[in-house]
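Open the model in your viewer and keep the selection box handy. We will go from the whole chain down to single side chains, one stop at a time.

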Amino acid sequence: MATAMKGMREGMKPVMWAVAIAFVASLFFVGASTMRKIIRQDQGPAVVVVDGKRINEEEFNRVYLRELRMRYKKIQEESKRALTEQEERDLRISAAGAALNQIVQRELILREARRLGLRVTDEEIADYIQRNPNFMTGERFDAEVYERYVNERLGITPGEFEEQLRDYLLMERVLAMVGAAARVSEADAKAKFDEQYEKITVEFAVVPAAADVGDPTDTEVKAYYSSHLDKYRVGRRARIRYAFLDLAAERKKLNVSDADAKAYYEKYKNVHFDAGEIRVRHILFMVPPGSDERDWEAKKKQAEAALARARAGEDFGALAAQLSEDPGSAKRGGDVGWFAKGRMDPDFEAAAFAAREGEIVGPVKTIYGWHVIKREKDVPDFDDEKDNIKKLLLERTAEENAMNVAMDLKARLAKGKSDLAAEAQALGLKVVETQPFAANEAVPELGFHRNLIAETFTLAVGEYGSVQPIGDVNPTTGEYNARGFVVYQVSAFLEPGPAPLERIKGQVVADYKRDMALDRVRPVAEAVATSAKKNGDLRAAAAAAKVAFFSPPPFSRGTPPQETGFDMAFILAAFRAKPGEVVGPVRGENGYYVIKVLEKTPPDPALYATRGDEFRARLTNMRQEQITSEWYRGLVARAKIENNLSAFIREMEKGGEEKGEGQHDLPGGWFY
C-alpha cells in the first residue's frame, strides 16, 4: 500500500499543478467591498463562500499566514535582505491568492470525495508519516524530528498536520481516479515521438507582401467584413449598465485640515518606535557576485566619496537619488522604510541600529556591496510628515465615502424595489450602458477588470453584481491607482456571432490591407512555383523572379528556420510534402513561400529505445493534466463561489482591526 501511494503521489504532482492552473483560469470573483460591509453575520465576514460554506477570516488566516511564513522564510534564506515595500505587498497578495486557491480546491475536491464514498484510514496516515524521509534519523522514523519539523517549518501542531494530510491524500485519490482515464498506447507514443523528432531539409523562396496598398474606402471595408463574417465571430457577450462613484470627484468635496493631520500624527507618531523599528536611508555601491578585490576597492572609494559629501552637508536624499545603485530605494531618496531587528543583512542592520538619530555612517560592507547609511529620526517631525498624512487621510476618506455610497446604493437595489437609473439620479450619478464585451475582453470605458468581467458572466439579465473597484496600473512603476467603484446591472447577453463592424473596424482595415498586400504579390509567387515545379530548380526560379532564396540546415517542427520563425503555414506545408516535391505558393503571415523538400530524416530508433518510456510518461501526464483540468473547471463552473479576497487584501493593507462601524483609525504606512 505504501509503495502504491508513493507512486500515486509522484505521478499526480503534475496533475495537482494542473488543477491549480485550472482554478486560477476558471474562478469567478464576486465580492469586492470592504470586509466590514460584506456578508456581515454572526460568523464574521467571509473571505470566500463555496456552495454555501463560509470560510471566514479566522479560518482563511490559518492557511494564509502559513503560506506567508513559508514564502517569507524562503525569500530570506535565499536573498538575505529586506524586502522592498512593493515586494512585501506582492508577497502578501501572492500568499493570499495561493491560500484562496488551496481552500477552494480543498472544498470542491473533498466534496467530490464524499460523494464518491472515499476515505483515508488512520493506518494510511501513519504509514505516510513514518516513511517520509523528512521525519527520519538515518533510516528510522524519529518522532522528535517529526514534531520539530511540523512545528517549526509548517507552524502547526502534529494533529493539525495529520488532518491536513488526510485531506491531501483524499484529494490525491480523487485526482488519481479522474486522471486514470488518460491512456497512451505504445504505438501512439511512437508515432508522436517520430513526428516531434523527425527532421527535414528544404530550400524555399519567399515573396514578401507588397509594401503599401493604401487605405480602403468604407465601402471596401464593409464588403470585406461581410464576406469574412466567420473570421470575426466572437463568443457570448454581455452588456452592463453601471453607476460610477468617482474618487476624483469625491476628493474635491473634501478638505483635510492641519488639525486632522496633527491628531492622526499624535495618535501614531510612536507606532514604529514602540515596535522596535528604525528608519534609514542608504546609498548603495553594488559589487556583483564573483567580483575580485579590485572591484571591491573601487566601489569602496566611491562610497567614501559619497560619505564625505553627505557629512559635508549635501542633501542625503538627493545624493541617494543620484548615486545609489539600489533602484528600489534610490527613487525615494534612499529610503528603505522602517524595519525591526532580524529583517536586514546582519552587517547593514548592526551599523544602522548602532548609529544615532541623524548620524551618517559607512562605508558598510555587505554581500551586496558598500553602503553609506543615514539613520532617520525615531519619531518623525510633524512638519516633515504633514503632507503625507493629509494625502493618506484624503485618499482614505474619499474611498470610504465612495464605498459607503456604493454599498448603500447596492443594498437598496438588492431589495428589488428600486431602479438603478432612478436611484443613481437621486445621488447625482449618471448611468452608462456599455457596448458588448466578451469574457476575455476589457469593459468599454472601464478597462480590463477581471473580477468584474468574470462575475458578469455568472449573472442573469437584470441581476445586480457586487460593488467593484475600478483602477489603473501605472505601466512604468506598476503601482495601482484607484479610480472609484461601480454599481452595475447586467442589461443584456448577446449570443455568439460576428462582432459589430464599428467595434472592430481597425482590425478589419488591417486584415483587408494585409490580404490586399498578399494578393498583389500572389502572381509572382505562382510564377516561381510553376517554374520550380516544371524545371525542378527552385533557386533558378527565385533568381529569375528576383525574390529571396534560402537553404537552411535541417530542422524539426519545434526548431523551424530563423527566416520563417513559427509561421505554422510554412511548417505544416513543409512536413506534409514528400521528398523532391515542390509545394506552393503557401500563404504565410507576411508573404508567400515556395518550398522544395530535399530530404526527410526520421529519428534514430535507438533514440526512442532510450527515451521512449520517458516520452510516453510525459504524454500520459499531459493527458492527465488536460483531463483533470477540464474536470476541475467543471467543478468550478457548477459551484457557487463568492470570493471577497480583494476586500480582505485591502483591509489587510490598512494594517489593523476595525474599531466599529465607519471607524478605521489605522496606521497606513505614511512614514515613507
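Start with a surface view of the whole chain: its accessible area is about 34,800 Å², calculated by the Shrake-Rupley method with a 1.4 Å probe, where for residues only the protein chains shown count as cover. Carbon and sulfur atoms contribute 51% of that surface. Before going on, note that this is a predicted model, in which local features need pLDDT of at least 70 and side-chain atom pairs count only at pLDDT 80 or more, while totals for chains, interfaces and linings use all residues. Residues are numbered from 1 along each chain as its sequence is written, and side-chain values use heavy atoms, with hydrogens and water left out.

Of the 672 residues, 43% are buried; that means under 20% relative accessible area, with over 50% called exposed and partly exposed in between (1.4 Å probe, protein chains only). Now switch to cartoon. You will see 23 helices and 20 strands, which are DSSP runs numbered from the N terminus (helices H or I, at least four residues; strands E, at least two). Among contacts (heavy atoms within 4.5 Å) with a separation of 6 or more, 73% join residues 24 or more positions apart.

**Stop one: a sheet and its helices**

Select residues 335–339 and 360–366, which are β9 and β10. They belong to an open, antiparallel sheet of 4 strands in the order β9-β8-β11-β10; strands pair if DSSP finds at least two bridges between them. Because β9 and β10 stand at the edges with a single partner strand each, one side of each has no neighbour in the sheet. On average, neighbouring strands here are turned by 35° against each other, direction ignored.

Add residues 369–375 to show β11, which pairs with β10 in the antiparallel sense over 5 bridges. Ile360 has Lys374 in β11 as its bridge partner. Next, select helix α12 (residues 293–311), which packs on the sheet and touches β8 (278–286), β10 and β11. The direction of α12 makes about 165° with that of β10; axes are lines fitted to C-alpha atoms, for helices over the stretch in contact, and angles run from 0 to 180 degrees between N-to-C directions. Helix α13 (residues 316–323) lies across β8, β10 and β11, at about 35° to β8.

While you are here, show Lys365 and Trp296 as sticks: the charged end of Lys365 sits over the Trp296 ring, 4.5 Å from its centre. This label needs NZ of Lys or CZ of Arg within 6 Å of the ring centre and within 35 degrees of the ring normal. Elsewhere, Arg236 lies over the face of Phe493, 3.8 Å from the ring centre.

**Stop two: aromatic rings**

Which residues form one aromatic cluster? Select Phe204, Phe550, Phe555, Phe570, Phe575 and Tyr593. Rings of Phe, Tyr and Trp (its six-membered ring) pair if their centres lie within 6.5 Å; planes under 30 degrees apart are stacked, over 60 edge-to-face and the rest tilted. Zoom in on Phe570 and Tyr593: with centres 5.0 Å apart and planes at 65°, the pair is edge-to-face. Phe570 lies in helix α21 (residues 568–576) and Tyr593 in strand β19 (residues 591–601), 23 residues apart. Phe570 and Tyr593 are both buried.

Finish by selecting β18 (residues 582–587), which pairs antiparallel with β19 over 4 bridges. These two strands form a hairpin with 3 residues between them, and Val586 stands opposite Tyr593.
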